[in-house]
Amino acid sequence: MKKTGKLQTVYVCYHQSSLSSVARYQPLQPEYVLAPYLSAVKGFKSRKLISRFRCGCHGLHVDTGRLLPLAQQVPREQRHCVFCTSGSAEDEHHFVFDCPAYCAIRNRFTNILWGPASTLSSFCTLYDPKVIARFLRECFEHRNTLMAAQTGHNL
Ligand SMILES: [Zn+2]
């Protein structure tokens with residue numbers, strides 16, 4: 001067996017495993033195929049933004065909270081959003097669909113958010129990836145502004 005074939009087999013097994021990080025990613029990419037956004041989105045920064053979001057490496061509190069030293073870590077569901085008073089974890093679903101801090105942006109993207117896209121899986125797979133990238137970029141830029149206002153530091 002060629003090295004790439006063996007690596008592919010290992011990856012496919014990993015992809016089908018039930019590890020928590022894989023379990024969160026798998027609905028976004030159920031099959032071992034090239035994700036359509038990788039060829040549809042030409043800009044490197046936009047592809048990187050979508051990739052990081054899909055993999056959970058985006059800087060939301062559910063992500064940054066797992067990088068803290070063990071003694072400071074709290075469970076994922078307790079890594080609350082600091083930009084609203086909902087008490088929700090700042091996870092991908094809250095960021096895209098629920099957090100009131102991004103209402104104005106969401107209102108400009110109603111075609112991708114108020115249709116059949118009520119799950120992260122549908123959000124990431126049903127619509128033009130270039131529009132998804134634009135939405136995510138605007139939300140993360142706004143988040144950086146909100147964070148800078150809270151901390152007094154520019155990000
Ligand atoms: Zn929020």
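Which residue just after α10 takes a positive phi? I looked at the end of that helix and found that G152, just after α10, has a positive phi of about 80°. I note at the outset that I am reading a predicted model.

**Entry: the chain as a whole**

I went along the sequence and counted 10 helices and 0 strands, so that I wrote the pattern down as α-α-α-α-α-α-α-α-α-α. I then looked up burial and noted that buried residues make up 17% of the 155 residues in the chain. For contacts between residues at least 6 apart in sequence, I found that 45% join residues at least 24 apart.

**Entry: helix α10**

I checked the length of α10 against what its residue count predicts: at 1.5 Å a residue, its 23 residues should span 33 Å, and because the C-alpha atoms at its ends are 32 Å apart, the two values agree. I also looked for the buried residues of α10, and I listed I132, A133, F135, L136 and R143.

**Entry: α4 against α10**

I remind myself that two packed helices are described by the angle between their axes and by the distance between those axes. For α4 and α10, I read that the axes come within 9 Å and cross at roughly 80°, which means that α4 is roughly perpendicular to α10. On the α4 side I found S46, L49, I50 and F53 making the contact, and on the α10 side P129, I132, A133, L136 and R137. Sorting the residues of this contact by kind, I got 7 nonpolar, 1 polar and 1 charged.

**Entry: the largest nonpolar core**

I turned next to the largest nonpolar core, which has 18 residues, and I noted that I50, C81, F95, C99, I132, A133 and L136 touch the most other members. I saw that α4 (44-55), α6 (92-98), α9 (120-125) and α10 (129-151) each supply at least two residues of this core, while the largest share, 4 residues, comes from α10. I followed F95 separately and, leaving aside its neighbours within four places in sequence, I found F95 in contact with L60, E90 and C139.

**Entry: Q8**

Is Q8 buried or partly exposed? I located Q8 in helix α1 (residues 3-15), and I classed Q8 as partly exposed because 13 other C-beta atoms lie within 10 Å, whereas a buried residue would need 20 or more and an exposed one would have 12 or fewer. I also compared Q8 with Y32, and I noted that they are 24 residues apart in sequence and 9.2 Å apart in space, C-alpha to C-alpha.

Technical notes. Residues numbered from 1 in each chain as written. Predicted model: local features only at pLDDT ≥ 70, side-chain atom pairs only at ≥ 80, totals over all residues. Core = buried A, V, L, I, M, F, W, Y, C linked by C-beta atoms within 7 Å. Contact = placed C-beta atoms within 7 Å. Expected span 1.5 Å × (residues − 1). Axes fitted to C-alpha atoms, helices over the stretch in contact; angles between N-to-C directions. Parallel < 35°, antiparallel > 145°, perpendicular 65-115°, else oblique. Nonpolar A, V, L, I, M, F, W, Y, C, P; charged D, E, K, R; others polar.
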